[in-house]
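Me: I'm new to this one, so could you walk me through it? I'll ask as I go.

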Amino acid sequence: MPGHIGRQTVTVLDAPLVSVSYNEQARDWPNAVPTVVGRCTVDITGATETKTAGDQTVTTARLDLPPRAPVVVTEWMRVSWQGRVWEVDGVPSDPEATGPLAGQVVSLREVAG
């Protein structure tokens, strides 16, 4: 069993919606509200690399939050971990459905290049 289970800290970023042109709204990531969450586990689950004119890497990870974490992650948030900012990939699990001893599970994706 890996020794890092429950020993990692992530920062969950929640950006407010702001009005932009033509009555549209967009996320204001420079002014995102950070929430630090300890006792997490993050595992890299996959990576691909495309070697063409525009080299690109896609890395996926699984974030396990601790029970009763100070924030419920939604698909509209981002997560900062190890100096990298990850997009939430899809709709995270419902923390209410996992029971009192389990935390929320979140799929993450980082696209670089």
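Me: Let's begin with strand E2 and strand E3. In which sense do they pair, parallel or antiparallel?

Reply: This is a predicted model, so keep that in mind throughout. Strand E2 covers residues 17–20 and strand E3 covers residues 24–27. Val18 stands opposite Ala26 in E3. Over four bridges, the sense of the pairing is antiparallel.

Me: Which residue in the turn of that hairpin has a positive phi?

Reply: E2 and E3 form a hairpin, and three residues sit between them. Most residues other than glycine have a negative phi. In this turn, a positive phi of about 60° belongs to Tyr22.

Me: Zooming out, how many helices and strands does the chain have?

Reply: Reading along the sequence gives the pattern β-β-β-β-β-β-β-β. The C-alpha atoms fill a box of roughly 45 × 40 × 25 Å along the principal axes. The count for the chain is zero helices and eight strands.

Me: What share of the contacts with a separation of 6 or more comes from residues 24 or more positions apart?

Reply: Here's one such pair to picture: Asp43 and His4 are 39 residues apart along the chain, and their C-alpha atoms are separated by 9.4 Å. His4 is also among the contacts of Asp43, along with Thr60, Ala61 and Arg62, once neighbours within four places are left aside. For the chain, the share is 55%.

Me: Is Asp43 buried, partly exposed or exposed?

Reply: Asp43 lies in strand E4. Its relative accessible area is 30%, and buried would need under 20% while exposed would need over 50%. That makes Asp43 partly exposed.

Me: And Gln8, is that one buried or exposed?

Reply: Gln8 is found in strand E1. Leaving aside neighbours within four places, it touches Val37, Gly38, Arg39, Cys40, Thr41, Val42 and Trp81. The relative accessibility of Gln8 is 13%, so it counts as buried.

Me: Which element gives the largest share of the largest nonpolar core?

Reply: In soluble globular proteins, nonpolar side chains tend to be buried together. This core has 17 residues, and Val10, Leu63 and Leu108 touch the most other members. Strand E1, E4, strand E5, E6, E7 and strand E8 each give two or more residues. The largest share, three residues, comes from E4.

Me: Which residues does Leu63 touch, not counting those up to four places away in sequence?

Reply: Leu63 is one of the core members that touch the most others. Its contacts are Val10, Cys40, Thr41, Val42, Val79, Gln104, Val105, Val106 and Leu108.

Me: Where is Gln82, and is it buried or exposed?

Reply: Gln82 has a positive phi, near 55°. Its place is in the loop between strand E6 (78–81) and strand E7 (84–88). With a relative accessibility of 58%, Gln82 counts as exposed.

Me: What is the phi of Arg39 near?

Reply: Arg39 sits in strand E4, residues 33–50. It is exposed, with a relative accessible area of 55%. Its phi is positive although it isn't a glycine, and the value is near 60°.

Me: Last one: how much space lies in the largest pocket?

Reply: Of the 15 residues that line this pocket, the closest to its centre are Pro67, Arg68, Ala69, Pro95 and Ala102. By class, the lining has nine nonpolar, four polar and two charged residues. The space in the largest pocket is about 190 Å³.

Methods
Residues numbered from 1 in each chain as written. Predicted model: local features only at pLDDT ≥ 70, side-chain atom pairs only at ≥ 80, totals over all residues. Heavy atoms only, no water. 1 Å grid on protein atoms, 1.4 Å probe; cavity = no way out; pocket = protein on both sides within 12 Å on 5 of 7 lines; lining within 4 Å. Points joined across faces, edges and corners; volume = space filled by probe spheres on them. Nonpolar A, V, L, I, M, F, W, Y, C, P; charged D, E, K, R; others polar. Buried < 20%, exposed > 50% of the residue type's maximum accessible area, 1.4 Å probe, protein only. Core = buried A, V, L, I, M, F, W, Y, C linked by side-chain atoms within 4.5 Å. Contact = heavy atoms within 4.5 Å. Pairing = 2+ DSSP bridges.
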